[in-house]
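User: Please explain the terms applied to this structure and set each one against its definition.

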Amino acid sequence: MEFWNLCLKMLAQAVSSADYERWISALNCQEWDKENKVLVLSHPNLMLLNTIEKNFGSSIQGIVNTLAGQPVSISYQAEVSKEEPSITIDDKGQGELFPDEKVIDSVKDEGENKSIGLLPALTFENFVEGPSNSLAFAATRRVAECPGTNYNPLFIYGGVGLGKTHLMHAVGNKMLKHNPNCRILCVSAQNFMNDFTTAVRENTYDQFNNKYHNVDALFIDDVQYLCGDKRQIQNKLFEAFEKLVPYGKQIIFTSDTYARSLKAMDERLISRFTSGLSVEVEPPELETRAMILQKKAMASHFDLPDDVAFFIAKHLKSNVRELEGALQRLMAYHMFQSKGQVTVEMAREALHSILISSTAQLTVERIQGVVAEYFKISLADMYSKRRLKSIVVPRQIAMYLCKELTKSSLPDIGDRFGKRDHTTVLHAVQKITAERKTDSDLNYKIHVLEQMLKN
């Protein structure tokens, strides 16, 4: 279709040629409803489709919206095809390829490395280090240099889109650089579950064990999805752990929360998760966000002035993917409008809807509601005089977030928290500011709330 073909031309310039050829060009336009602004994209392989949506969805959305002149509803649907090559793509781990056994055999026959699931583009060289991720960056570099020794397992946790998966892949790519024959298996928790389900259904436990036990390094993304009533699957992960770590084989897990907060997870696994090193990846601060934009713009050969980068970084604080989506949209807008030098005003026009959505709903009332729901207290407790710790702490966190995320004054915030004095609000802000620096549990909860509010 003409509209989608135009989108493809712009996408070809917005992403790297390798990513375009490998991922974007594989998409088919199933339907384009111009009147209702609905676009349906498809591919025969569902898992590949999920990976494309996860990794390039924001870029596609930005360009489609720009060309359509208004927001478009994009859906991704799998085509039915019996002739599609048997390739499994991780829908949780940043677009990894997981060939089936036949493909693996062909790789071995050609004498190439036996590693599966790593994206070569995700390296330490193109990761932007900053105060928010410096510990995780240093730990993963150390693991890449000396796998299976000091930090085993390595447990990386943090919110969505902050770079956990990037660092995990960077470790694998560095290990391969040092030892091309290193056997690395990088999968998502979902793929681990799918493999186990297949083993149960087809009675191929030996094949499953061979895949997960005979490697030099095992990386599992989004391990929180193994929580719940999945005892058999958790047992299999425990078995894999026992077959690898005691023999110096490196394991890396990523999660959206630290190990002790994982609900309905086998205590033996929690113990194993925390037996190595746990590092948090936090949302990037202003300077790091601007650096990320500059680096990604440079990779796309796009001239992004410093003042524009800081303008975008100042308004978008949630995660790296949000920044990438904004940059792709600005690039598409600039290409479409052909207005010469990129300016702050141009960025304001291109990202108008994004900037509105990132700030319009951040009211004191909205923050109160989200915090109350998160901590399972009633909204009335935000205004009450009750002094139970289970109520006071969420109330103070809500006050802190109101001060950080809205333009409301201390007296105005106090007034909306049951006519409290502004000094009460100031005390809450100072208390939470100090405590989140030393209390990792509190710090993580606030990060989660910030992402919930900003998204």
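The exchange below takes up overall form, burial and aromatic pairs.

Analyst: This is a predicted model, in which local features need pLDDT of at least 70, side-chain atom pairs count only at pLDDT 80 or more, and totals for chains, interfaces and linings use all residues. Residues are numbered from 1 along each chain as its sequence is written, and side-chain values use heavy atoms, with hydrogens and water left out.

User: Why is the chain called as compact as a globular protein of that length?

Analyst: The globule rule is 2.2 Å times the number of residues to the power 0.38, and the radius of gyration is taken over C-alpha atoms. For 455 residues the rule gives 23 Å, and the chain has 24 Å, which is close, so the chain is as compact as a globular protein of that length.

User: Why does F208 count as buried?

Analyst: Buried means under 20% relative accessible area, with a 1.4 Å probe and protein chains only. F208 has 4%, so F208 is buried. F196, at 6%, therefore counts as buried too.

User: What makes the aromatic pair of F196 and F208 edge-to-face?

Analyst: Rings of Phe, Tyr and Trp (its six-membered ring) pair if their centres lie within 6.5 Å; planes under 30 degrees apart count as stacked, over 60 as edge-to-face and the rest as tilted. Here the centres are 5.9 Å apart and the planes make 70°, which is edge-to-face. The pair links helix α7, with F196, to helix α8, with F208. Ring pairs also link F192, F196, F208 and Y212 into a cluster.

Terms used. Helix = DSSP H or I, 4+ residues; strand = E, 2+ residues; numbered from the N terminus. Buried < 20%, exposed > 50% of the residue type's maximum accessible area, 1.4 Å probe, protein only.
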